[in-house]
Structures are given as C-alpha cells and as structure tokens.
Amino acid sequence: MAVGVVLRSHAGGYLVYLPEHDLTLQCQARGRLKKERVSILTGDRVEIEDLDSAMETGVISTRLERSSLLSRPQIANVDQVVIVQAVRQPEWNQLWCDRYIVHFQLELPDSVPVLCFNKCDLVGAEQQERLRRIYESLGYRVVMVSAKTSRGIEGLLDILGNKITVFAGPSGVGKSSLLNRLEPSLNLKIGVMDHDFGVGRHTTTYSEIYRVHLEKWNIADSARLTWVADTPGFNLAELRHPEPHDLVFEFPEIRELSEGCRFNNCMHLVEAGCNVLEKLASEEYECVEEDGDENTIIVSRERYANYVTMVNESIAEHNIRKETSQKKEAAVKTVGGKRGKSVNIPRLSGKYRAKSRRTEKQELVVDIPDEEEFTNLEADLDNLD
Ligand code: GDP
Ligand code: ZN
C-alpha cells in the first residue's frame, strides 16, 4: 500500500505525491469515502490503491489520521506557521504582528509560530536587533532575512526540514519572494497584490502545498523532504479571537504578571488593585524584576496596548456571536403543536445574515484606538465588499 501527501485538490480530483516512488499522481477518491463524507484536504496523508505509474494515476482508499487542521487556508497536518513581516515597505505594524501571532497560536496550539522579518536589506542592524529582541525575549524564534539579497535564508532552512510549513502574513511583505528564493522552480508571482485572491471574499480559500527541494542546500538527508504553503493575508474579520478572558494566555509576558493578580476574573484593563496594571503604572514598568534578576518580566507599552485593543476586539466578537445566536433562536417558528409533535422551522433568511455582518463591522470600528489603525481597518473593510 502506497502512502502519499495531498498537494492540492481540484474539481473533485486530487494531486498526490508519493515519496517512496517520487511520483505525483492524479487521484480520485473511492466512492465510499465520498458517501461517508470523509473530507480530503491539502496536506492529508492518504493511502493509494490501483496505482498506475505509467499513467500517473491512482485511487485514494483511506485518509490517515490528522495531526492538525488549519482552518484558513484549509490544510491538514501543518507542523508550523512562519509569520512573515516586513521591517519596512509596508511599515512594520506591531498590532498586526501580534494579531497574527495570537491567531496562529489559537489555530495551532501545539506549535509556537516562528517570526520571520523580511526586507532586512532596507534597515540597519540596530533596528533588526530591536525587533529580534522584542520577540525572542518572549520565547519566539525569530529569523531575519532578505528575500532580495538571500541574506539569512539559512535561518529558515534550519527549521523547514521534514515538515509542512505555512507562510502567513499581510500582503506585500514578501512571502512569495521568500518561497521563490527557497525553491526557484515554484515561480510564484511577485508583487501582484491581487495574487492574494482569497482576501475578504471567501472564508475558504484555495490551498496548495509545494515541495521545496532542499538537496541543493547543505543540510541533513533526513530533512530534505519538505513542504510549504503560501497564504493570503487576513482582514480583521477573519482572525480568530479567544474568549476575552483567555487572551492573556496568548501574551506570555502579561500572563506571567497576571499570576500575581489577586482578582480571579481580572482582564487587567481597568480594575483597581490589579497586579498587571500596578506594575505597568509603576516607574520601572518596562522592567519588572521578580525573585532576583533571573526572572525578568518585561511588558512593553506597545504590547500592552495591543493586548487592550485585542481584548476589546474579542469582546466585540463575543457580543456579535451572542447576538447572532439570540437572533437565531428568535427566528425559529414553532408549528404543529399537538401532542409534542411540534417542529421548529428556522426563519433565518439571507437578510438576517447580511444584517449581522453589518453590525459586526460597526462594532469593530468603535474599538479602534488610533488613526493609523482606523485607516488600516477601512482598507480591510473595503476588501470585504
Ligand atoms: P507577498 O504579497 O507577501 O507574497 O509579497 P511579494 O513576494 O509579492 O513581494 C511584495 C513586494 O516586495 C515585491 O515588490 C517584492 O519585490 C518586494 N520584496 C520582497 N522581498 C523583498 C526584500 O527582501 N527586500 C526588498 N527590498 N523588497 C522585497
Ligand atoms: Zn489583573
């Protein structure tokens, strides 16, 4: 029995790669799988029968168990996400960086996202170090690269081997350029903002994983087979939010301070006597030392501001969800009341959905703190239509 990886699904068929045979096949799924509604996604590992190596075809008989499932883009068995940010052009936006981190920590809780700062040819060493320090001190792996000059690319190769890695980040930061650098044969389109064809229009987007040939790089044999995927940028409405009280778990430094907070249900926003706020308000708020100098918790003003913004966003999201589910309940009509034989018929119409979507936009606008964010948001909302 041959086992392969689904590289892409297209019009009911699947492109499947078989590592043992180094073959790429056009496959159909057994009718039984369709009947049982077994979904087969990009990244899935599958068993192949009726293998015809001359015709390069086969039939998928079984889908193997998944180790993870990314929802947007839908890819199974993703091992890690590399969050790509540009140091300039577009100007680095820490709020968006932190939003991506939180989103992917929620999407793949078992893997810590890697931060990759691209376009390092555009800034000096000092600024690169500043960015590196912010996130390394929080426990994230940081890779500084330039797709243009290839500088630092080895730092990426180190983490790619034998894995499925998704490259995510806003449009224009250089994701396609980086992937082309790693694997020139990919020939992904560069600088076409439109290539992010999923943005804002659909929640399900096209997904494909690409093989990167690491043979030409000087790394161990066992790490040579590796897969990468490009993702479209996200807009605000597409990001995942935790429950407002749980956001603190996505900010390691704030979480650590929050352990000293004596309130059980504290969100560390305005509560008098809150440990986080007290520490932030004190003189040395940027460098709080606990039990000697080994355990230094630094909560930067920017990260805390982003935490507050995102708590508000998650409260807004939470309220929308509550409101929508209440509307759904109210929209059920009960008919045929005799002897417990009544049935509930949903009244939910297209109009209802359109309305709740508008509400969502308005709610989100209210919570945006500064002008720059507001401009970004407007751009995001434009993308939605
Ligand atoms: P994507 O939307 O994230 O896939 O970004 P692209 O790969 O399409 O790149 C967007 C723009 O940034 C293009 O004009 C690229 O030439 C440019 N770019 C990408 N990487 C670098 C880099 O390392 N340095 C500089 N200066 N420009 C880059
Ligand atoms: Zn608190």
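Let me start with C97, which in this predicted model has a relative accessibility of 0% and therefore counts as buried. C120 is buried as well, with a relative accessible area of 8%, and for this residue we can also ask which cysteine sulfur is closest. That sulfur belongs to C116 and lies 7.9 Å from the sulfur of C120, which is too far for a bond, because a disulfide requires a pair of cysteine sulfur atoms within 2.5 Å. By that rule the count for the model comes to zero disulfides.

Other cysteines take part in metal binding, so let me turn to the zinc ion, ligand 2, which is coordinated by the SG atoms of C261, C266 and C274 together with ND1 of H268, at 2.1 to 2.4 Å. What is the arrangement of the four donor atoms around this zinc ion? The angles they subtend run from 100 to 119°, and the arrangement is therefore tetrahedral; the ideal angle for four tetrahedral donors is 109.5 degrees. Along the sequence, the donor residues follow the spacing C-x4-C-x1-H-x5-C, and among them C261 and H268 are both buried.

Finally, the strands at the beginning of the numbering. Strand β1, residues 2-10, runs antiparallel to strand β2, residues 13-18, and five bridges join the two, with V6 standing opposite V16 in β2. The hairpin that β1 and β2 form has two residues between the strands, and in it A11 takes a positive phi near 40°. Strand β1 also pairs in the antiparallel sense with strand β4, residues 45-52, over four bridges, and here V5 stands opposite R45.

Key. Residues are numbered from 1 along each chain as its sequence is written. Chains are lettered from A and ligands numbered from 1 in the order in which they are written. This is a predicted model: local features need pLDDT of at least 70, side-chain atom pairs count only at pLDDT 80 or more; totals for chains, interfaces and linings use all residues. Side-chain values use heavy atoms; hydrogens and water are left out. Donors are N, O and S atoms within 2.8 Å of the metal (3.2 Å for Na, K and Ca); water is not among the atoms, so sites may look incomplete. Four donors count as tetrahedral if all angles lie between 85 and 135 degrees; four count as square planar and six as octahedral if opposite donors are over 155 degrees apart and all others between 65 and 115; anything else is irregular. Buried means under 20% relative accessible area, exposed over 50%, partly exposed in between (1.4 Å probe, protein chains only). Two strands pair if DSSP finds at least two bridges between them.
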